[in-house]
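Here are my notes after a pass through the model you sent. Have it open in your viewer while you read.

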Amino acid sequence: MVTTLQPLNLHTTKLTIHCSSNSKRSKNKPKQQLHQKQSTKLLSFSNPTPTPLIVYHKPQTQTKLQALEAIIKDLETTSENGIDVDAETFASLLETCYKLDAMDYCLRVHRLIPRNLLRRNVGLSSKLLRLYASCGFVEEAHQVFDEMPKRDVSAFAWNSLISGYAELGLYEDAMALYFQMEEEGVEPDRFTFPRVLKACGGIGFVQVGEAVHRHLVRLGFVGDRFVLNALVDMYAKCGDIGKARKVFDKIGSRDKVSWNTMLTAYMRHGLLLQALDIFHQMVKERFQPDSVAISAILSEVPSLELVVQIHGWAIRQGVEWNLSTVNSLIAAYSNHGKLRQARRLFCQMPEKDVVTWNTIISAHSKSREALVYFEQMESAGALPDAITFVSMLSVCAHLSLVKDGERLFSIMKNRYRISPIMEHYACMVNLYGRAGLIKEAYGLIMEGMEFEAGPTVWGALLYACYLYGNAEIGGVAAERLFDLEPDNEYNFELLMKIYSNVGRLDDVERVRMMMVDRGLDS
């Protein structure tokens, strides 16, 4: 619909603006004819073509990243012109980059900040450090940290760097910073200890965790729920589930994190009954288990009845279609042989992620239907990951689908640019081995792998040699396994069976004596 300016009748001063349409033009025709009859003595002009008015359209709303890009471009121009920018502007930009997880923009902002300004402004350098650390750039973060002039005024920078190391699994580095923090007289705050305790749990050294526990008690954080939740998790990860429960019982007002931490801790230690007891208690107190806790329980429940009960609870709570929850339900039903229920949930899901596809493929690990699901996955535009191809190659190995396995292995490398890991090669060796293609399997290990084969790969080859009575290559595989797994009796026993099946009794005795020498002969 276009806004138009209608022809002006000379005998009137009234201006009419309306949106033209076929229906409106037809309605105006009688009026125009009436005016023409009444104005026969007036000059007649041909009807001009309606002129569209220029309508102002609002510009498209910028995304936050687009706005950030525009601001940084302006600042880059400003900097090139020699105009100074104040510290508050840089601090605001770094805060925005942190909230948007925009590492590329952080680098550009960093280049704009004068070095002398960064060194004398602790707040600015702390924000830059936090941004680097949160994005995993701990080396850059530590460099900023080393150049900070007064890093003892606050625990903020220390907390950021400790967190950065802990998130990357560099727990020893995180703990070293904590001890350095003590040496330099910087007092930890309530945000320090959860990060440090996470590092303690990662190392798994309970004595260090106990020392940190004593430190936080001395500083008066024994009643801080945020810190106590981290303590429960630390003790559980260090293997002391008893102390984890003691700390849990001392938490005055437990929150959702408290309950879920204790529940997950019990599951991690295989204590299903205690986990279910916690589950019932938290539901009774109107706390909802999170998706991690629900997934942990569903992965371990021994009976279908419990799976159904948890499923019913999820429906009543309205969390049935939470991705993590429904993925775990699909896995739980398939583990109990209820593929119909698993497929029903899969088909009814409003959205699917790669874990969903991997779960349903894994549920059909002994069926050609897995290939169909893989095709559906590609058609849906989902990107397979390394786990997807481990499952698919395992299916092909189980069903002796050599050509399909080779095709999938090629697709993985060439189409999806996924570099094969040890599990992929173990599946390929198993694929060839189960099909009796022992030489092809051995050739893949010796010539096709980019790294040294591990026990899973050589183990797959040894088992294939046992199935098809190949003593020569079986002997080579076993020798490699004896070096990689010197205490694994199964490898010795399997080689003895291979030699026995082909009548090489002297070699059977030789391998048995090797077991005796290593103290493996029971």
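The points below go from the whole chain down to single residues.

1. **Status and fold.** First, keep in mind that this is a predicted model. On the secondary-structure side, I count 29 helices and three strands for the protein.

2. **Burial and surface.** The chain has 522 residues, and 41% of them count as buried. What the protein exposes comes to about 29100 Å². Carbon and sulfur atoms supply 51% of that area.

3. **Contacts along the chain.** If you take the contacts with a separation of 6 or more, 58% of them are between residues 24 or more positions apart.

4. **Cysteines.** How many disulfides does a search of the whole structure find? Zero. Cys200 is a handy case to look at: the closest cysteine sulfur to its own belongs to Cys238 and sits 6.7 Å away. A disulfide needs the two sulfur atoms within 2.5 Å, so this pair is too far apart for a bond. As for its surroundings, Cys200 is buried, since its relative accessible area is 2%, and the cut-off for buried is under 20%.

5. **His213.** This residue belongs to helix α11, which covers residues 206-218. Which residues does His213 touch, leaving aside its neighbours within four places in sequence? They are Leu231, Tyr235 and Val247. With Tyr235 there is also a polar contact, side chain to side chain, at 2.8 Å.

6. **Nonpolar patch.** Have a look at Tyr463, Leu467, Tyr468 and Tyr490, which together make a nonpolar surface patch of about 400 Å². Helix α26 (residues 455-468) gives the largest share of the patch, with three residues. Tyr468 is in helix α26 and is one of the patch residues. Is Tyr468 buried, exposed or partly exposed? Its relative accessible area is 44%, so Tyr468 counts as partly exposed; that class lies between the 20% and 50% limits.

7. **Ala380.** You'll find Ala380 in the loop between α21 (369-379) and α22 (386-399). Ala380 is exposed because its relative accessible area is 54%, and exposed starts at over 50%. For a spatial reference, try Lys352: Ala380 and Lys352 are 28 residues apart in sequence, and their C-alpha atoms are 9.5 Å apart in space.

8. **Accessibility recap.** To put the three accessibility values side by side: Cys200 is at 2%, Tyr468 is at 44%, and Ala380 is at 54%. In the same order, that reads buried for Cys200, partly exposed for Tyr468 and exposed for Ala380.

Key: Residues are numbered from 1 along each chain as its sequence is written. This is a predicted model: local features need pLDDT of at least 70, side-chain atom pairs count only at pLDDT 80 or more; totals for chains, interfaces and linings use all residues. Side-chain values use heavy atoms; hydrogens and water are left out. Helices (H or I, at least four residues) and strands (E, at least two) are DSSP runs, numbered from the N terminus. Buried means under 20% relative accessible area, exposed over 50%, partly exposed in between (1.4 Å probe, protein chains only). Contact means heavy atoms within 4.5 Å. Accessible areas come from the Shrake-Rupley method with a 1.4 Å probe; for residues, only the protein chains shown count as cover. A polar contact is a pair of N or O atoms within 3.5 Å; within protein, one must be able to donate a hydrogen and the other to accept it, and residues adjacent in sequence count only if both atoms are side-chain atoms. Patches are made of residues with over 30% relative accessible area and no salt bridge: like charges are joined within 9 Å, nonpolar side chains (Val, Leu, Ile, Met, Phe, Trp, Tyr) within 5 Å. A salt bridge is a side-chain nitrogen of Lys or Arg within 4 Å of a carboxyl oxygen of Asp or Glu.
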